[in-house]
Amino acid sequence: MKLAFIVQRYGTEILGGSEYHCRLIAERLAQKHEVEVLTTCARDYITWRNEYPEGTDRVRGVTVRRFANATTRDLDAFNRQSDWIFNNPHTADDEMAWLKAQGPWCPALLDHLTRRHQQFDALIFFTYLYAPTVLGLQIAPGRSILVPTAHDEPAIHLDIYKEMFALPAAVAYNTEVERRFLTTHFPIRAAAEETVGCGVDLPASDARERPVETDDPRHEADTDVRRFDGYQPLPPHITERGAVFRRRHRLHGPFVLYGGRIDPGKGCEELIEYFSSYVADGGDATLALMGVKLMKLPDEPFIRFAGLLSERERLDALEAATIVSVPSPYESLSLLALEAFAVGTPILANARSEVLVEHCIRSNAGLYYADRDEFVEGLNLLLADAPLRAAMGLNGREYVTRNYRWDVILAKYDTLIGAVRSGR
């Protein structure tokens, strides 16, 4: 079958978020179907400036057709407009003006989809928020699948989204939390619905278990670790997981890792504040951040900026980390959490995200915090208890294997695609 993916940005340089999620799904489905991605020329979501060349490209085996945005975004002006529209009575025209100001505003993409949509068996839209989805779903709703990647935030309560969620023929939710929220608040009329998520690879190196980093002889009798079937310490030649990342960034002791967009909206400002309190209380771990830096980082010896890493380097960083921090209060899935679980690294997550709390509870592979004191307490507990980290690591891998295997994920997409195609 021929499938179109519609997403606001697309590229191997874009790691994290719905765009990364979209690329992972598109690449996997391209092994079985004819896949084409329709997207903009933007690389960053702050300005939506056209940086990729317009036209057709091949990215990791997937055909990508890019269209130039008609405008860029003035973020300060948009933030003022958002503050007004979220807090004042307004009209449908006001909401459309807000949607255009938010960007990306790409009439050429929508014109192409209007002319060519009939050549596709299904149209798969990623992310509810942006104009390509809001306006694109109106073109052929009967053959459209929406992957909302939604959470409760001010924008989602605008009337344009109430209308939009009623359109698609099928919906692929990321989690049961997201599904409950959307079906409770919106008139979902889809003929087919699935809680799907995204597949996560278990690294080949994790066929052998993560070591317990302790010299305590009592470890051998620790029931919390031994109750996990199949646990064996790693052989000596692979006891230093993530050694390349540690050497490159001069990380010689325990460290906490964050990966993704480094900006206040993802909880990074609060993460740094809370971690600074941990250090002020005598903590000696380091905080490492990888990804695109969209905020100023303090010039502190306990903070390391690793930059934007390749997928291999990113995996190495996740393996090297003592703990992975997931500080975002807004998540519909959190690939960062799932990838940490997959390599056997426990997480410390923001309790304001219901999705992250559910991951922690269902996996027993992470802790969550509601405030500064709970963050420091959770961090100290995980750093001090190597057997606990090892047990959580095993739980995390089992959770990913049970819920996020690629064969299960792709079968659910095939079900949705089949439902949309049969309803044409």
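# Exercises on burial, backbone and charge

Trp48 has a relative accessibility of 1% and therefore counts as buried. The structure is a predicted model, and the exercises below are to be solved on that model.

**Exercise 1.** Determine where Trp48 lies and what its phi value is.

*Solution.* Begin with the position: Trp48 belongs to the loop between strand 2 (34–40) and strand 3. Next, take the backbone angle: phi of Trp48 is positive, about 60°, although the residue is not a glycine. Finally, classify the side chain: because buried means under 20% relative accessible area, Trp48 at 1% is buried.

**Exercise 2.** Carry out the analysis of phi, place and burial for Ser334.

*Solution.* Phi of Ser334 is near 75°, a positive value in a residue other than glycine. Ser334 is located in the loop between strand 12 (323–326) and helix 12 (335–342). With 6% relative accessibility, Ser334 counts as buried.

**Exercise 3.** Describe the surroundings of Ala337.

*Solution.* First, assign the element: Ala337 is part of helix 12. Second, assess exposure: Ala337 has 0% relative accessibility and so counts as buried. Third, list the contacts: leaving aside residues up to four places away in sequence, Ala337 touches Val326, Ile347 and Leu356. Fourth, consider a distance: the C-alpha atoms of Ala337 and Ala349 are 8.4 Å apart, with these positions 12 residues apart along the chain.

**Exercise 4.** Describe the place, exposure and contacts of Gly55.

*Solution.* Gly55 is in strand 3 (residues 55–59). Its relative accessible area of 26% makes Gly55 partly exposed. Not counting residues up to four places away in sequence, Gly55 touches Val64, Arg65 and Arg66. Thr286 is 231 residues away from Gly55 along the chain, and the two C-alpha atoms are separated by 44 Å.

**Exercise 5.** Identify the peptide bond geometry between Gly103 and Pro104.

*Solution.* The bond joining Gly103 and Pro104 is cis, with omega at about -5°. Pro104 is placed in the loop between helix 3 (92–102) and helix 4 (107–116).

**Exercise 6.** Analyse the salt bridges of helix 1.

*Solution.* Start with the pair inside the helix: the side chains of Glu27 and Arg23 meet in a salt bridge of 2.9 Å, N to O. Both residues lie in helix 1 (residues 17–29), four residues apart, about one turn of the helix. Glu27 is buried, at 13% relative accessible area, and Arg23 is buried, at 1%. Now widen the view: Arg23, Glu27, Arg60 and Glu311 are linked in a network of salt bridges.

Continue with the second pair: Asp201 and Arg28 also meet through their side chains in a salt bridge (2.9 Å, N to O). This pair links distant parts of the chain, with Arg28 in helix 1 and Asp201 in the loop between strand 8 (192–195) and helix 8 (223–226), 173 residues apart. Asp201 counts as partly exposed at 48%, and Arg28 counts as partly exposed at 25%. The whole structure holds 22 salt bridges.

**Exercise 7.** Locate one negative patch and one nonpolar patch on the surface.

*Solution.* The negative patch gathers Asp281, Asp371, Asp373, Glu374 and Glu377. Among them, Asp371 occupies the loop between strand 14 (366–369) and helix 14 (372–384) and is partly exposed at 34%. The nonpolar patch is formed by Val292, Leu294 and Leu308, with about 230 Å² of accessible area together. Val292 sits in the loop between strand 10 (286–290) and strand 11 (303–307) and is partly exposed at 37%.

Key
Residues numbered from 1 in each chain as written. Predicted model: local features only at pLDDT ≥ 70, side-chain atom pairs only at ≥ 80, totals over all residues. Heavy atoms only, no water. Helix = DSSP H or I, 4+ residues; strand = E, 2+ residues; numbered from the N terminus. Buried < 20%, exposed > 50% of the residue type's maximum accessible area, 1.4 Å probe, protein only. Contact = heavy atoms within 4.5 Å. Patch = residues over 30% accessible without salt bridge, like charges linked within 9 Å, V, L, I, M, F, W, Y side chains within 5 Å. Areas by Shrake-Rupley, 256 points an atom, 1.4 Å probe, with all protein chains shown as cover. Salt bridge = Lys/Arg side-chain N within 4 Å of Asp/Glu carboxyl O. Lys, Arg positive; Asp, Glu negative; His and termini not counted. Charge placed at Lys NZ, Arg CZ, Asp CG, Glu CD.
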